[in-house]
Amino acid sequence: MDLAFSPEEVAFRDEVRAFIAENYPAHLRGKQDEGEELGKQDMLAWHKILAKKGWAAPAWPTQYGGPGWTATQRYIFSEESARAETIPPLPFGINMVGPVIYTFGTPEQKAQHLPGILSGEVWWCQGYSEPGSGSDLASLRTRAERVTEDGKDYYIVNGQKTWTTLAQHADWGFFLVRTDATAKQQEGISFLLIDMKTPGITVKPIITLGGEHEVNEVWLDNVKVPVENRVYEENKGWTCAKFLLAHERTGIAGVARSKRGIEKLKAIARAEQDGSGQSLLANPFFRRKVVELETDLSALEFTELRTLAGEASGKGPGPESSLLKVKGTEIQQRITELVLEAAGNYAAPYFREFPDGSNEYPIGPEFAHRSAPTYFNMRKTSIYGGSNEIQRNIIAKMVLGL
């Protein structure tokens, strides 16, 4: 690989950097710096600005509204976005269901859903995991029975989904449901698009260890879904599911944002002291952990670049996406572990946003009061998108032939 940017790519980098500096909302920067909870409109604000620029969906084909960027341009954009710590567009529409719809959907489905996903006007959630069906997703039990009423075909959906991120804000959801209980697990699943305002849907909050209302339970009680909301063939939804998960896992790696995370970790380690009075970064034991982390991230970055080069030549995500997911999430977790270690006693959990909690501000350095909630929240990364244990099985099978 040629790792040197061409003059055109340098110019593109400068354009992206200038655009972010001039257009990223100041109120978002303020909330992020203060560690405040972001509302629905906060999370959509930057997406809508990018959409007007034509940059909201870097990997989408131009015929569906993508910018037509090369793999290198997408890499540069992710690097600059991470450097500026922008809030990325929510992945459920742009990175997940959008590519499924433009790859497998009908012309009517594309016309109905892609514009709202691209503009940020329609918020999507993901109905995959269930109690007892997470890593072994093909064992899901939410069922959809086909019926005909007044000459029109529907699915009647019953079941429960869990860990549904930000479903409390969602307008639509994409759900895996079982449409044939007699078929082999993967062969009896269908992929449905469901309007979250449909009668029979109940969203119940799950409060995380960090005190956030980020995930939910979603109950479906006799939810009537038109058959035309099914993407691809009946009982062949696993094809869509695998396609979506491969793209999701590649994005979960988060290499660019981990690079920014290590920069912040090193700044913290320079400022904080160990028991002997020297900076943590001068402490050989702590410094070794940071250096090992940087080394692993550099190796992961080269793997990501090889994957992007493969995509540029027409190769879709393969087992590399599982490798990126495993190592990327492990690195993310290790960053939060070292930040927690640097905070020391000041990292004792403190949740300013709890409704009945203290309104007193925490003591210690500014970064410390968020270090424990962030650490707790990042435990999920090795589980969602297919647990890392399952990803290792995929690598063993597809790469090592075991």
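In this predicted model, glutamine 333 is in contact with Met378, Arg379, Thr381 and Ser382, once its neighbours within four places in sequence are left aside. Two of these contacts can be described at the level of side chains. The side chain of glutamine 333 makes a polar contact of 3.4 Å with the side chain of threonine 381, and a polar contact of 3.0 Å links the side chain of glutamine 333 to that of serine 382. Glutamine 333 itself belongs to helix H10, which covers residues 320–343. Its relative accessible area is 10%, and because buried means under 20%, glutamine 333 counts as buried.

Attention turns next to helix H9, which runs over residues 284–312 and holds arginine 306. Here the side chain of arginine 306 makes a polar contact of 3.1 Å with the side chain of threonine 303. A helpful general point is that an α-helix has 3.6 residues a turn, so residues three or four places apart point the same way. Arginine 306 can also be placed relative to glutamate 320: the two are 14 residues apart in sequence, and their C-alpha atoms lie 9.1 Å apart in space.

Helix H8 spans residues 255–271 and contains lysine 266. From its first C-alpha to its last, H8 reaches 25 Å, close to the 24 Å expected for its 17 residues at 1.5 Å a residue. The buried residues of this helix are Val255, Ala256, Ser258, Gly261, Ile262, Leu265, Ile268 and Ala269. Not counting residues up to four places away in sequence, lysine 266 touches Leu281, Val290 and Glu294. A longer view is given by glutamate 36, which is 230 residues from lysine 266 in sequence and 23 Å from it in space, C-alpha to C-alpha.

The interior of the model was also searched for enclosed space. Rolling a probe the size of a water molecule over the atoms shows where empty space is left. The count comes to 1 cavity of 30 Å³ or more, and the largest cavity has a volume of about 80 Å³. Helix H3 (40–53) and helix H5 (91–104) are the elements that give two or more residues to its lining. The residues that line the largest cavity are Leu44, His47, Leu90, Phe92, Gly93, Ile117, Gly120, Val122, Trp123 and Trp124. By character, this lining divides into 7 nonpolar and 3 polar residues, with no charged ones.

Definitions and conventions: Residues are numbered from 1 along each chain as its sequence is written. This is a predicted model: local features need pLDDT of at least 70, side-chain atom pairs count only at pLDDT 80 or more; totals for chains, interfaces and linings use all residues. Side-chain values use heavy atoms; hydrogens and water are left out. On a 1 Å grid over the protein atoms alone, a cavity is a set of points where a 1.4 Å probe fits but cannot get out, and a pocket is an open set with protein on both sides within 12 Å along at least five of seven lines; lining residues have an atom within 4 Å of a point. Grid points are joined across faces, edges and corners, and a volume is the space filled by probe spheres set on the points. Helices (H or I, at least four residues) and strands (E, at least two) are DSSP runs, numbered from the N terminus. Ala, Val, Leu, Ile, Met, Phe, Trp, Tyr, Cys and Pro count as nonpolar, Asp, Glu, Lys and Arg as charged, and the others, Gly among them, as polar. Buried means under 20% relative accessible area, exposed over 50%, partly exposed in between (1.4 Å probe, protein chains only). A polar contact is a pair of N or O atoms within 3.5 Å; within protein, one must be able to donate a hydrogen and the other to accept it, and residues adjacent in sequence count only if both atoms are side-chain atoms. Contact means heavy atoms within 4.5 Å. The expected span of a helix is 1.5 Å times one less than its number of residues.
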